[in-house]
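Please walk through this model with the sequence at hand. The paragraphs below go from a surface position to the strands and then to the charged pairs.

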Amino acid sequence: MSGRRSYGDACGVARGLDVIGDRWALLVVRDLLLGPKRFNDLLAGLPGVSPNVLTQRLADLTGHGVVRRRDLGAPARVHLYELTEWGRELEPVLLGLGRWGSRAPSPPDRELGRDSLLLGVKARFDAARADELRGTYELRVAPETYAVEVTEGSIEISRGDAGRPDATLTTDLDTLRAVLAGRRTPADAVRSGDLHLDGDPRAARNLTDLLQAPASPPA
């Protein structure tokens with residue numbers, strides 16, 4: 001465990017911060033929301049964190065029961081970090097924090113990573129459009145692949161193949177950033193060859209609508 005002292009406050013907010021209040025802790029959780037990652041993948045996705053600090057944060061979060069380490073064993077001998085069920089309960093907290101924080105100034109010369117872009121899609125998702133956009137989709141943004149499933153009133157995005165998707169979108173990270181930010185249209189990216197859509201044409205349109213959807217209206 002880290003040497004940070006407890007707030008010593010019985011309030012649930014303070015007790016929660018005792019668990020996830022250390023610098024980088026919530027960003028580690030953010031980067032595990034879409035599925036397990038190896039240590040080096042976490043390190044690459046958190047510019048500015050040192051290997052020693054990341055090791056300590058993973059140890060703290062594991063000790064608190066927010067994260068667990070899974071060993072794949074021979075011949076892979078790979079260690080994966082993933083959220084526990086309790087850790088996954090932080091998703092709506094982080095999506096809400098992301099919506100709130102998006103109104104703060106953005107640091108110069110910093111681009112959103114793959115996971116942050118797709119968590120933004122989840123945060124903006126309008127449940128009222130779920131029936132219209134219902135389907136199973138696959139996003140291939142090299143070297144990662146993500147499965148997207150829209151069901152009744154909800155959206156799930158996870159790392160990995162979608163199985164038999166209704167539509168598949170293949171592109172590079174820079175193009176995905178531009179499309180999600182509205183700097184390019186999907187049609188323009190398709191014409192240039194920077195983005196490829198495969199599968200049912202209606203499902204492909206639904207997928208691009210989903211990615212470009214504005215924020216859901218306030219309740």
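Val 13 is exposed, with a relative accessible area of 58%. The model is a predicted one, and this value, like the others below, is computed from it. Val 13 belongs to helix α1, which covers residues 12–20. Together with Tyr 7 and Leu 17, Val 13 forms a nonpolar patch on the surface, and the accessible area of the three together is about 310 Å². In an α-helix there are 3.6 residues a turn, so residues three or four places apart point the same way.

A helix with the opposite character is α7, residues 114–124. Helix α7 is mostly covered, as nine of its 11 residues are buried. Which residues of α7 are buried? They are Asp 115, Ser 116, Leu 117, Leu 118, Leu 119, Gly 120, Val 121, Lys 122 and Ala 123. The list includes charged side chains, and one of them, Asp 115, comes back below in a salt-bridge network.

Next come the sheets. Strands of a sheet pair through backbone hydrogen bonds, either parallel or antiparallel. One open sheet has three strands in the order β1-β3-β2, and its pairing is antiparallel. Strands β1 (37–38) and β2 (67–71) stand at the edges with a single partner strand each, so one side of each has no neighbour in the sheet. The pairing of β1 with β3 is antiparallel and runs over two bridges. Here Lys 37 stands opposite Tyr 81 in β3.

His 79 is part of strand β3, which spans residues 79–83. Is His 79 buried, exposed or partly exposed? His 79 is partly exposed, at a relative accessible area of 36%; it falls in this class because the value lies between the cut-offs of 20% and 50%. Leaving aside neighbours within four places in sequence, His 79 contacts Lys 37, Arg 38 and Phe 39, and also Arg 69, Arg 70 and Asp 71. Phe 39 is 40 residues away from His 79 along the chain, yet their C-alpha atoms are separated by 7.5 Å. With Asp 71 there is a polar contact between side chains, at 2.5 Å.

Strand β3 also takes part in a salt bridge. The side chains of Glu 82 and Arg 70 meet at 3.2 Å, N to O. Glu 82 lies in strand β3 and Arg 70 in strand β2, so this pair ties together parts that are 12 residues apart in sequence. The two partners differ in cover: Glu 82 counts as buried at 13% relative accessibility, whereas Arg 70 is partly exposed at 34%.

Another group of strands centres on β4, residues 135–141. Strand β4 is mostly covered, with five of its seven residues buried. Which strands pair with β4, and in what sense? Strand β5 (residues 144–151) pairs with β4 in the antiparallel sense over seven bridges, and strand β7 (residues 167–171) pairs with β4 in the parallel sense over five bridges. Between β4 and β5 there is a hairpin of two residues. On the β5 side, Tyr 137 stands opposite Val 148. On the β7 side, the bridge partner of Arg 140 is Thr 170.

Arg 140 also makes a salt bridge through its side chain, to Glu 138, at 2.7 Å, N to O. Arg 140 is partly exposed, with a relative accessible area of 38%, while Glu 138 is buried at 5%. Elsewhere, salt bridges that share partners join Arg 30, Asp 31, Lys 37, Asp 115 and Arg 159 into one network. Lys 37 is the residue met earlier opposite Tyr 81, and Asp 115 is among the buried residues of α7.

How many salt bridges does the model have? The count comes to 19. One of the pairs joins Glu 111 and Arg 177, whose side chains meet at 4.0 Å, N to O. Glu 111 is in the loop between α6 (91–101) and α7, and Arg 177 is in helix α9 (residues 173–180), so far along the chain that the two are 66 residues apart. Glu 111 is exposed, with a relative accessible area of 55%, and Arg 177 counts as buried at 14% relative accessibility.

Conventions: Residues numbered from 1 in each chain as written. Predicted model: local features only at pLDDT ≥ 70, side-chain atom pairs only at ≥ 80, totals over all residues. Heavy atoms only, no water. Buried < 20%, exposed > 50% of the residue type's maximum accessible area, 1.4 Å probe, protein only. Helix = DSSP H or I, 4+ residues; strand = E, 2+ residues; numbered from the N terminus. Pairing = 2+ DSSP bridges. Contact = heavy atoms within 4.5 Å. Polar contact = N/O pair within 3.5 Å; in protein donor to acceptor, adjacent residues only side chain to side chain. Patch = residues over 30% accessible without salt bridge, like charges linked within 9 Å, V, L, I, M, F, W, Y side chains within 5 Å. Areas by Shrake-Rupley, 256 points an atom, 1.4 Å probe, with all protein chains shown as cover.
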